[in-house]
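Trainee: I would like to learn how to read a model of this kind feature by feature, beginning with the backbone and ending with the confidence values. Could we take one place at a time?

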Amino acid sequence: MSNRIRAGILVACAAMAASMPAAAWDYPGHRIVGAIADLVLQQHDPATYKRVSELLEIQLPNGLWQKRTLREVAVFPDCAKPNNVAFCGRPPSEEEKAYAERNRHHGSYHFTDVPLQETTYVAGSAGTNDTDVVQMIGYAVAQLRGNKPTKKDVKLTDTEAAWLLAHLVGDIHQPLHVGAMYFDQTCDSVVDPNRGGVPPKFGIGETVAATVGGNLIELVAPFPTVPPAENLHFYWDGAAVVHAMQSAGVGQSEQDFARLLAGAPPSGWETTGAPETWPAQWASEVLPLAAEAHARLAIRKRSDPFPACRWTTTIDAGYEDWAQAQAKVQLAKAGVRLAALLKAIFAPQ
């Protein structure tokens, strides 16, 4: 894992975080994003839908070919992660195993940890990485456009590039997969690792401690209430999506929720410029939302002596109402933008 992936994580924190599966929007959210793109392409661009369908098709051991949708493949990059059987609902497929074997650092593809004080994604700055979510969306776009990109330890088939896009466009719209809160070595004062004149140092007793995209911000609730998720990251992955579906009256149907969102795309979903520039634009756009997702909370250092660098917060009903509304918009943007990106990729050049 590169230093810039989790710039400044203290060793004790990193060891605990390594076992945490991170699945932006969780599996329902990713399927919803893929389903929105399926619906939009079927309705408005059948040529691209056919091209994508052909690309996602796979030959079964019996020789027959199986068609797959964006909704189905959108979860594959998370199912390929180790120790994710409980979340994926099945062991990784041979296809996912092969992808993971050729892409040993695929866990880093799903996020970037830009400090919350920043307003723009800048490659090479604290929290970014050569294989973060912004860079890997760009890589997959370039590959599918036939531009033969190269990155160390990255090797995708075109089919994998397509299902990776279906996943990562969802990831980059989950605010805690883009923006992260950092503290000083005491774990008390919020800092920006990009500021101060010296690069952040790493390890116990050094200059920066990271919340790992909210994974180390635990949710607590007064007795006898149970918090809605284990930590702030997982809350945005799952609970916010579930509440958005329930608020829309379609709590039991991902497909109905996808159809509702596809039927009324949010304002401002369009992205200008070349497709290769879109992921950086999307990351920059979501940074203020990531900052607000933290600013609305009272985040405190946990009182336990070890590990020192963990924090707690409490989510109230007002926060839940706000978060579910934001999740609804972000899922809709991700779905229609995925469709637009695929259309741009396969348009005649």
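Mentor: Let us begin with proline 224, which is found in the loop between strand E8 (217-219) and helix H10 (232-247). Please keep in mind throughout that this is a predicted model.

Trainee: Which form does the peptide bond from phenylalanine 223 to proline 224 take, cis or trans?

Mentor: The bond from phenylalanine 223 to proline 224 is cis, and the angle to look at is omega, which is near 0° here.

Trainee: Staying with backbone angles, which sign does phi have at asparagine 83, positive or negative?

Mentor: Phi of asparagine 83 is positive, at about 65°, although asparagine 83 is not a glycine. This residue lies in the loop between helix H5 (76-79) and helix H6 (85-88), and with a relative accessible area of 71% asparagine 83 is exposed. Aspartate 153 is another residue other than glycine with a positive phi, near 65°. It belongs to the loop between helix H8 (133-144) and helix H9 (158-171), and its relative accessible area of 38% makes aspartate 153 partly exposed.

Trainee: How should I then read a disulfide, and how many does the count come to?

Mentor: The general idea is that a disulfide is a covalent bond between the sulfur atoms of two cysteines. In this chain the count comes to two disulfides, and, with bonded cysteines counted along the chain, their pattern is 1-2, 3-4. One of them joins cysteine 79 to cysteine 88, with an S to S distance of 1.9 Å, and the 90° about its S-S bond makes the link right-handed.

Trainee: Are cysteine 79 and cysteine 88 buried or exposed?

Mentor: Cysteine 79 is buried, with a relative accessible area of 2%. Cysteine 88 has 16% relative accessibility and counts as buried because the cut-off is under 20%.

Trainee: What does the disulfide of cysteine 187 and cysteine 309 tie together?

Mentor: The sulfur atoms of cysteine 187 and cysteine 309 are 2.1 Å apart. Cysteine 187 sits in the loop between E5 and E6, while cysteine 309 sits in the loop between strand E9 (300-301) and strand E10 (311-313), so the disulfide ties together parts that are 122 residues apart in sequence. Cysteine 187 and cysteine 309 are buried as well.

Trainee: You mentioned E5 and E6; in what order do the strands of their open sheet run?

Mentor: In general, strands of a sheet pair through backbone hydrogen bonds, either parallel or antiparallel. Here the open sheet has three strands in the order E6-E5-E7, with antiparallel pairing. Strand E6 (190-191) and strand E7 (209-210) are the edge strands, each pairing on one side only. Strand E5 (residues 182-183) pairs with E6 over two bridges in the antiparallel sense, and tyrosine 182 has valine 191 in E6 as its bridge partner.

Trainee: Turning to the interior, which residues have the most contacts inside the largest nonpolar core?

Mentor: That core has 95 residues, and those with the most contacts inside it are Leu165, Tyr235, Trp236 and Tyr319. Helix H13 (residues 317-346) gives the largest share of the core, 14 residues. Helix H13 also holds glycine 335, which counts as buried at 0% relative accessibility. Leaving aside neighbours within four places in sequence, glycine 335 is in contact with Val33, Ile36 and Ala37. Its C-alpha atom is separated by 8.8 Å from that of alanine 166, although these residues are 169 residues apart along the chain.

Trainee: What does the chain come to as a whole, in helices and strands?

Mentor: Its secondary structure comes to 13 helices and ten strands. Of the 349 residues, 55% count as buried, while the chain exposes about 14,900 Å², of which carbon and sulfur atoms supply 55%. Among contacts with a separation of 6 or more, 70% join residues 24 or more positions apart.

Trainee: Finally, over which residues does pLDDT stay under 50?

Mentor: As a general caution, where pLDDT is low, the predicted coordinates should not be read in detail. In this model pLDDT stays under 50 over residues 1-23, for which there are 62 contacts beyond four places in sequence. The average pLDDT of the chain is 89, and 89% of the residues score at least 70.

Terms used:
Residues numbered from 1 in each chain as written. Predicted model: local features only at pLDDT ≥ 70, side-chain atom pairs only at ≥ 80, totals over all residues. Heavy atoms only, no water. Core = buried A, V, L, I, M, F, W, Y, C linked by side-chain atoms within 4.5 Å. Buried < 20%, exposed > 50% of the residue type's maximum accessible area, 1.4 Å probe, protein only. Helix = DSSP H or I, 4+ residues; strand = E, 2+ residues; numbered from the N terminus. Contact = heavy atoms within 4.5 Å. Areas by Shrake-Rupley, 256 points an atom, 1.4 Å probe, with all protein chains shown as cover. Pairing = 2+ DSSP bridges. pLDDT = per-residue confidence, 0-100. Disulfide = S-S within 2.5 Å.
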